[in-house]
Amino acid sequence: MFSKWSEAVKIKVLLLICLLFTVNLFSQESDVRIEEIFLARDDGKGNVGETTQSFFTNDIPIHCVVQLDSLKSVTVKMIFVAVKVTGVKPETKVITSKYKTNGEQSQVSFTGKPDKIWTAGNYRIDIFIDEKQAKSIEFEIQKIPQQIEKVKASSPKLKQTNVKKFRKN
């Protein structure tokens, strides 16, 4: 009987060791963090240009640069979200893109561009590392001055009419 109990204990100990080893592997999976995240306009040649947190509707594409604190291979995902944009349901995912680093990179660059021009409003970019949300950055896309003038010129002007009053006799 003692030998059977001893085998059962050995199996339980072996299972416990396997479980602890597996938990340790999974806990080390997401030790890569974001050191910095920034947004930038295009330099006109497809490269990252001036950094900013405010864009115009004709700033195409918008660059999002994610600096990681490690060279470890991870999957970085960007979700471009419309937060408060006229004609768009809040929290609508506009663009989603993923990139897996190769173990020799610590920086990931994403670009986002619309079909024609951006719709003015408030946006957010959510960054995930290995499917876990790591950081978010909010920004605004504004109408360019020509669009503002066009809206002012096309808005209907109120007609002033004179109202004549008649007296009843």
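Which residue in E2 is the bridge partner of aspartate 42? That would be valine 48. Keep in mind that this is a predicted model. The rundown below starts with E1 and its two neighbours, then moves on to the five-stranded sheet.

**E1 and its partners**
- Strand E1 covers residues 34-42 and is joined by six bridges to strand E4, residues 62-68.
- E1 and E4 run antiparallel, and within E4 it's cysteine 64 that serves as the bridge partner of leucine 39.
- E1 also pairs up with strand E2 (residues 48-51), again antiparallel, through two bridges.

**The E1-E2 hairpin**
- Five residues sit between the strands of the hairpin that E1 and E2 make.
- Glycine 44, in this hairpin, takes a positive phi near 95°.

**The five-stranded sheet**
- Reading across this open sheet, the five strands go E3-E9-E8-E5-E6, and the pairing is mixed.
- Strand E3 (54-56) and strand E6 (92-100) are the edge strands, so to speak the outer rails: each one pairs on one side only.
- Going from one strand to the next, the twist averages 25°.

**Inside that sheet: E5 and E8**
- Nine bridges hook strand E5 (residues 75-85) up to strand E8 (residues 121-129), and the two run antiparallel.
- If you want a spot to look at, isoleucine 79 stands opposite aspartate 126 in E8.
- As a general reminder when viewing strands, side chains in a regular strand alternate between the two faces of the sheet.

Definitions and conventions. Residues are numbered from 1 along each chain as its sequence is written. This is a predicted model: local features need pLDDT of at least 70, side-chain atom pairs count only at pLDDT 80 or more; totals for chains, interfaces and linings use all residues. Side-chain values use heavy atoms; hydrogens and water are left out. Two strands pair if DSSP finds at least two bridges between them. Helices (H or I, at least four residues) and strands (E, at least two) are DSSP runs, numbered from the N terminus. Axes are lines fitted to C-alpha atoms, for helices over the stretch in contact, and angles run from 0 to 180 degrees between N-to-C directions.
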